[in-house]
Amino acid sequence: MEKIIDNLISKDDLFKTLENRFNKNIYRHPNIKWDEIASLLENDSEKISSLSYLETSGGEPDVTEINNQIAFIDFCKESPKKRRSLCYDKSARVNRKKFPPVSSACEICKQWQVDLLTEDDYLSLQEIQAIDLKTSSWLLTPDKIRQLGGAIFGDRRYDTTFIYHNGADSYYASRGFRAKLILK
């Protein structure tokens, strides 16, 4: 699968957008300085490309410390619009009998060199900010569950975060995925 790079934003525009979001949401990263983040990214074209994808696909990435890592995480209120209607992984997509989606959450993460959120990441993110109030997001699924044909996803309803299961080949207009880009 070839990387689609249409509509990625320039490095300068990306940095302005990210810095503005960083400064508007200090509660997400109270012990981190923007200069530190900018210096980690400045000469890393792969991370810049990955972040540009997260931004242009609607993820609204911002920095946070999650599970002892500093990372950009998708903070958009609902699962990113341009990352929905995808099954979990390539195997699920290829083996789907009718109407396979154009791609999968795992394939896109690999393509853009970002990581699907784990269950722990998702729960930590929900503690920082309530997300997925009307949508849901695929989560990195334990091998045991995936080998049995399933995959997990999360959402927030009734002021509670839920982790559910579904067939890995399922896809819905309201289910997408959130990603993280680990900086250090």
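**View 1. The whole chain has seven helices and eight strands.** This is a predicted model, so take it as a computed picture throughout. The radius of gyration is 16 Å, close to the 16 Å that the globule rule gives for 184 residues, so the chain is as compact as a globular protein of that length. Measure along the principal axes and the C-alpha atoms fill a box of roughly 50 × 40 × 25 Å. Of the 184 residues, 48% are buried. What about the outside? The chain exposes about 9800 Å², and carbon and sulfur atoms supply 49% of that area. Contacts reach a good way along the sequence too: take those between residues at least 6 apart, and 63% join residues at least 24 apart.

**View 2. Strand β8 pairs with β2 and also with β3.** Start with strand β8, which covers residues 179–182. Strand β2, residues 69–74, pairs with β8 in the antiparallel sense, over three bridges. Look for F72 here: its bridge partner in β8 is L181. Now move to strand β3, residues 115–116, which is joined to β8 by two bridges and again runs antiparallel to it. On this side, D115 has K180 of β8 as its bridge partner.

**View 3. C106 and C109 sit without a disulfide between them.** Why is there no bond here? The sulfur of C106 is 6.5 Å from the closest cysteine sulfur, which belongs to C109, and that is too far for a bond; a disulfide would need the two sulfur atoms within 2.5 Å. Turn it around and the closest cysteine sulfur to C109 is the one in C106. How exposed or buried are these two cysteines? C106 is partly exposed, with a relative accessible area of 23%, whereas C109 is buried, at 4%. Search the whole structure and you'll find zero disulfides.

**View 4. Y88, W138, F153, F162 and Y164 form a cluster of aromatic rings.** Ring pairs are what link these five residues together. In the structure, the count of aromatic pairs comes to seven. One of them is F162 with Y164: the ring centres are 5.7 Å apart and the planes are at 20°, so this pair is stacked. Both partners are partly exposed: F162 has a relative accessible area of 29%, and Y164 has one of 33%.

Methods. Residues numbered from 1 in each chain as written. Predicted model: local features only at pLDDT ≥ 70, side-chain atom pairs only at ≥ 80, totals over all residues. Heavy atoms only, no water. Pairing = 2+ DSSP bridges. Helix = DSSP H or I, 4+ residues; strand = E, 2+ residues; numbered from the N terminus. Buried < 20%, exposed > 50% of the residue type's maximum accessible area, 1.4 Å probe, protein only. Rg over C-alpha atoms; globule rule 2.2 N^0.38 Å. Contact = heavy atoms within 4.5 Å. Areas by Shrake-Rupley, 256 points an atom, 1.4 Å probe, with all protein chains shown as cover. Phe/Tyr/Trp six-rings, centres within 6.5 Å; stacked < 30°, edge-to-face > 60°.
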